[in-house]
Amino acid sequence: DNGKDKNKNGSKLNSKLTASQKRSLSPKTRKSSISITANNTPRSSGMSNSSNSVLESPKFEKINPNRFASSQNDNNNNNNNPFFNHSNVNNNNSPFNVNNPSILSQTSLPHFAKTRELGIISTTRNSIWTERFQYLMNQENSHDKFYKLAYLAHDFHHAAEVYGRIIISERYLPNNLKTLKPVGGGYAGGEKYSCSGILFKFAVDTRIGKNPVTYMYGDSIPSDGLAAKVAGHELRAIARILDAGDAYAIGVSLPLMAIVNYRGFRLIAVSILPIGKSGTVCYGSSDAGVTIHADVEEYNDKFNFIFTQLNLAPHTINNKLLVGPGDVEGHLGHDNNLYSIWTERFQYLMNQENSHDKFYKLAYLAHDFHHAAEVYGRIIISERYLPNNLKTLKPVGGGYAGGEKYSCSGILFKFAVDTRIGKNPVTYMYGDSIPSDGLAAKVAGHELRAIARILDAGDAYAIGVSLPLMAIVNYRGFRLIAVSILPIGKSGTVCYGSSDAGVTIHADVEEYNDKFNFIFTQLNLAPHTINNKLLVGPGDVEGHLGHDNNLYLIDFARVYPPESPNIGSVYFPFNSPRCVFTKMLRPELVASNPVPLCSDSYTGWLVGDPRMKRLNYDVREATKRINETLIPKTVAEIIEIAKTDAEKYFDLPMFLEPIIFNSNNNNNNNNNYINNNNNNN
């Protein structure tokens, strides 16, 4: 800002700093420092309004919570305002709240992105920074809240600096050689970069007219200095909106923002929001005034109230009443399409060429996911019997096959428990007339095994189908399933299989069907028809076309065919009538079977298929093969090995022969033999 503001306010600012802090703000060191507003920690009313009042140091001071109380009480008695009074606001935006508009909810709250000079933030995923920021800002004011906000600011500051310096250092490299590649630009110009939930943009002037040549800020001559100054204006404005404290009180969220100054460049960094490029705009304009939005009165009132608190005047643009500037953007976000950072990292690595580095990073990702699932999973299990209002992580709903669900840090958790699916007579999903959580836990193991086999085959990612990360947490007698959240809807994105227990069968797009069917064909599964739709996988598997236009596959519990209940009852007379949903053939057996086997054999899913008898027969023969051929053969091989190696350990043949090979002897003789040899053993 040509130094004028610095000279005017420098003495005022320096009088409050220690000697080390003054050195950190010297011109020599400030060039490579981060400039970040305490946009998640409102400033005291005594600080200057100039750009130098924005924190300009790579370190953060501890926050005194008393400063916030004074700024709130000074705000024109806003405690009497029903919008502002925090005690009247439910914590609906918390990712841990049952009312949170998460992936399982059909509701959304308006989200506000101040993008005056940043251009359009285009994404359908929610940044982990935004999620954490939203959650903390919606808490009651407390020392713990501001302490965590300070740490969040520090973490965001650090991430912005690390990635920002990489981007600036590679500014003049060709795109194919850059570590982080540009993802586009907005109306006000500047290449954009996206990394780890943060969107970066160079503060540079750009041409907006050709005849005559006109630039956004410098008119006939580009002025990156003015563009950098405008970035400071935006940082100051978002800080003031947060200082007022009204936005989050009425359900309007803002991004985290930082400015990186390095090697003579200024880079703007904002946390990615779950909004679209234009389809989610409901206030202001995203196309330089071509279209002005003031679409929903309820949302207009909220956005206008925020700007009114800044003493801004209402005005009309194209007969639409606004209080904020015309090119501000208010969005109704895609919060019900929450995208997980785990899924993003997993997809990125799985789509790389096979290399030592790829598998090394995958191993670390698996370790991180396992650790996060275990930490949150233990909290969920420990609070299993607490009332929902006392739980740290609150349930967000359940599916057809039952089990409460929880969402935290991009991971969806679900208890592996049996649930009731019928009332008259009472019927449970796995235990029939009596609930069996043990069988539900077994089914969770089937799902983990199936997804591992699909990944082992290596075909899914090769043809453009993505899968979630999955882990199982066993703790205090409970089993919890943890999967990374995908950018899919509850039903609207399904294009293969069924998400409503067979009421609707999808095989909608031939191109997608071919990909999903190919994956299951590689597992030696047989094609079959359900409601005249050709599937190779089970009927209740779900293939989705995600909100990011990628294909996803979920729900793998019944990928492998069940054992034949007719043959199984010979060996297990206590088989449940619903054992076809819990007793599955091993992947190795299915892969080695001479003919493909059907996932839906012996279930109601197969009713109506003209080949039902043949498909059931093939599964019956496979069940006979394992019980009458493979198991006896394996037992004989184990005994032969044991007899061969017995001399290394103990006199095993003398012990085995009377029991295994002289089975015609009566039990008393065998028992006497065993008892007589106990001392020798």
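This is a walk through a predicted model, from its cores to one of its helices and then to its salt bridges and cysteines.

Let's start on the inside. The largest nonpolar core has 69 residues, and the members that touch the most others in it are F413, F520 and L553. Helix α10 is the element that gives the most to this core, contributing 7 residues. If you'd like a spot to zoom in on, try F520. Leaving aside residues up to four places away in sequence, F520 touches I454, Y496, L525, V536, G537, P538, V541, L553 and V559. Notice that L553 turns up in that list, and L553 is also one of the core members with the most contacts to other members. There's a second core too, separate from this one, with 54 residues, among them L242, I259, V270 and I272.

Now for helix α10, which runs through residues 356-382. Does its length fit its residue count, and what would we expect? At 1.5 Å a residue, the 27 residues of α10 should span 39 Å, and the C-alpha atoms at its ends are 39 Å apart, so the two values agree. Which of its residues are buried? They are K358, L362, L365, F369, A372, A373, G377, I380 and I381. Follow those buried residues outward and you'll meet what they pack against: helix α9 (341-350), plus the strands β16 (404-408), β17 (411-415), β21 (470-475) and β22 (478-484).

Helix α10 also carries a salt bridge, between the side chains of E374 and R378, at 3.0 Å from N to O. The two residues are 4 apart in the helix, so about one helical turn separates them. Neither is on the buried list: E374 has a relative accessible area of 27%, which means it counts as partly exposed, and R378, at 38%, is partly exposed as well.

You can find a similar arrangement in helix α6 (residues 143-169), where R165 and E161 sit 4 residues apart, about one turn of the helix. Their side chains meet in a salt bridge at 2.9 Å, N to O. Here the two partners fall on either side of the 20% cut-off for being buried. With 27% relative accessibility, R165 is partly exposed, whereas E161, at 15%, is buried.

Not every salt bridge stays within a helix. D540 and R558 pair up through their side chains at 3.1 Å, N to O. This pair links distant parts of the chain, 18 residues apart: D540 is in the loop between β26 (533-535) and β27 (542-545), while R558 is in the loop between β28 (551-554) and α13 (565-571). D540 is partly exposed, at 24% relative accessible area, but R558 is buried, at 5%. Elsewhere, R453, R586 and E588 are joined into one network by salt bridges that share partners. How many salt bridges does the whole structure hold? A search finds 13.

Last stop: the cysteines. The count of disulfides comes to 0. Two cysteines worth a look are C282, which is buried at 5% relative accessibility, and C495, which is also buried, with a relative accessible area of 5%.

Note on methods. Residues are numbered from 1 along each chain as its sequence is written. This is a predicted model: local features need pLDDT of at least 70, side-chain atom pairs count only at pLDDT 80 or more; totals for chains, interfaces and linings use all residues. Side-chain values use heavy atoms; hydrogens and water are left out. A salt bridge is a side-chain nitrogen of Lys or Arg within 4 Å of a carboxyl oxygen of Asp or Glu. Buried means under 20% relative accessible area, exposed over 50%, partly exposed in between (1.4 Å probe, protein chains only). A disulfide is a pair of cysteine sulfur atoms within 2.5 Å. A nonpolar core is a set of buried Ala, Val, Leu, Ile, Met, Phe, Trp, Tyr and Cys residues joined through side-chain atoms within 4.5 Å. Contact means heavy atoms within 4.5 Å. The expected span of a helix is 1.5 Å times one less than its number of residues.
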